[in-house]
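Trainee: I have a new model open and I'd like to learn how to read it. Can we go through it feature by feature?

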Amino acid sequence: MQYLKFPDEDTAKSATGWWSKKAGWPSPTPALQIVVRGTLYNDDGEYDPETRKTIKEPSKRDGFFIDVIYGDIPQMAQQYIVMPTHPDFVLA
């Protein structure tokens, strides 16, 4: 598993080359399996326990995130590989 953090979605689209105007982000194939996580949120929201309504929206994390389960990462995208100390998503 490799984790990619881009400054924004447009950078992710151009650096990876995986996105197309016609099909969007690719579906999994034997050669490439990715999870486009997009914008992630921190765990700092506040919610009313009785009504379950949002009191305070959670804050957004900086960046646009893609997890690569299997496949080659294009050279232009390799500069965006990160190694999170506590990843939110891990395959067993």
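Trainee: Let's start with T29. How exposed is T29, going by its relative accessibility?

Mentor: Keep in mind that this is a predicted model. The general idea is to compare a residue's relative accessible area with two cut-offs: under 20% is buried, over 50% is exposed, and in between is partly exposed. T29 has 37% relative accessibility, so T29 counts as partly exposed.

Trainee: Where does T29 lie?

Mentor: Look in the loop between α1 and β2. You can also relate T29 to another residue: T29 and E46 are 17 residues apart in sequence, and their C-alpha atoms are 39 Å apart in space.

Trainee: Let me try the cut-offs on a helix. Is D10 buried or exposed?

Mentor: D10, which sits in helix α1, has 57% relative accessibility and therefore counts as exposed. T11 is also found in helix α1, but at 17% T11 counts as buried.

Trainee: Which residues is T11 in contact with, leaving aside its neighbours within four places in sequence?

Mentor: Those are F6 and Y80. Try the question on K13 as well, another residue placed in helix α1. With neighbours within four places in sequence left aside, K13 is in contact with W18, W19 and W25. As for distance, the C-alpha atoms of K13 and N42 are 24 Å apart, with their positions 29 residues apart in sequence.

Trainee: Which strands does helix α1 lie across?

Mentor: Helix α1, residues 9–16, lies across β1 and β5 and runs at about 125° to β1. For a C-alpha distance to go with that, take D10 and F64: they are 54 residues apart in sequence and 9.1 Å apart in space.

Trainee: Now the strands. How should I think about pairing in a sheet?

Mentor: Strands of a sheet pair through backbone hydrogen bonds, and the pairing is either parallel or antiparallel. In this model, an open sheet of 4 strands has the order β2-β5-β1-β6, with antiparallel pairing. Its edge strands are β2 (33–38) and β6 (81–82), each pairing on one side only.

Trainee: How many bridges join β1 to β5?

Mentor: There are 5 bridges, and the two strands run antiparallel. You can pick out individual partners: F6 has F64 as its bridge partner in β5, and L4 has I66 there.

Trainee: And how many bridges join β1 to β6?

Mentor: That antiparallel pair has 2 bridges. Y3 stands opposite V82 in β6, while L4 stands opposite I81. So L4 is a handy residue to click on: I66 in β5 is its bridge partner, and I81 in β6 is opposite.

Trainee: Over how many bridges do β2 and β5 pair?

Mentor: Over 5 bridges, again in the antiparallel sense. One place to look is Q33, which stands opposite Y70 in β5.

Trainee: How many of the residues of β5 are buried?

Mentor: Of its 7 residues, 5 are buried, and β5 is mostly covered.

Trainee: What about empty space? How would I look for a pocket?

Mentor: Rolling a probe the size of a water molecule over the atoms shows where empty space is left. In this model, the largest pocket holds about 180 Å³ of space.

Trainee: Which residues lie nearest the centre of the largest pocket?

Mentor: They are L40, R61, F65, P84 and D88, out of 14 residues that line the largest pocket. That lining divides into 8 nonpolar, 1 polar and 5 charged residues. Two of the strands we met come back here: β1 (2–6) and β5 (64–70) each supply at least two residues of the lining.

Trainee: One last feature, the backbone angles. What is the phi of R52?

Mentor: R52 has a positive phi of about 65°, although R52 is not a glycine. You'll find R52 in the loop between β3 (46–47) and β4 (54–56).

Trainee: Is R52 buried or exposed?

Mentor: Use the cut-offs again: R52 has 73% relative accessibility, so R52 counts as exposed.

Terms used: Residues are numbered from 1 along each chain as its sequence is written. This is a predicted model: local features need pLDDT of at least 70, side-chain atom pairs count only at pLDDT 80 or more; totals for chains, interfaces and linings use all residues. Side-chain values use heavy atoms; hydrogens and water are left out. On a 1 Å grid over the protein atoms alone, a cavity is a set of points where a 1.4 Å probe fits but cannot get out, and a pocket is an open set with protein on both sides within 12 Å along at least five of seven lines; lining residues have an atom within 4 Å of a point. Grid points are joined across faces, edges and corners, and a volume is the space filled by probe spheres set on the points. Ala, Val, Leu, Ile, Met, Phe, Trp, Tyr, Cys and Pro count as nonpolar, Asp, Glu, Lys and Arg as charged, and the others, Gly among them, as polar. Two strands pair if DSSP finds at least two bridges between them. Contact means heavy atoms within 4.5 Å. Axes are lines fitted to C-alpha atoms, for helices over the stretch in contact, and angles run from 0 to 180 degrees between N-to-C directions. Buried means under 20% relative accessible area, exposed over 50%, partly exposed in between (1.4 Å probe, protein chains only).
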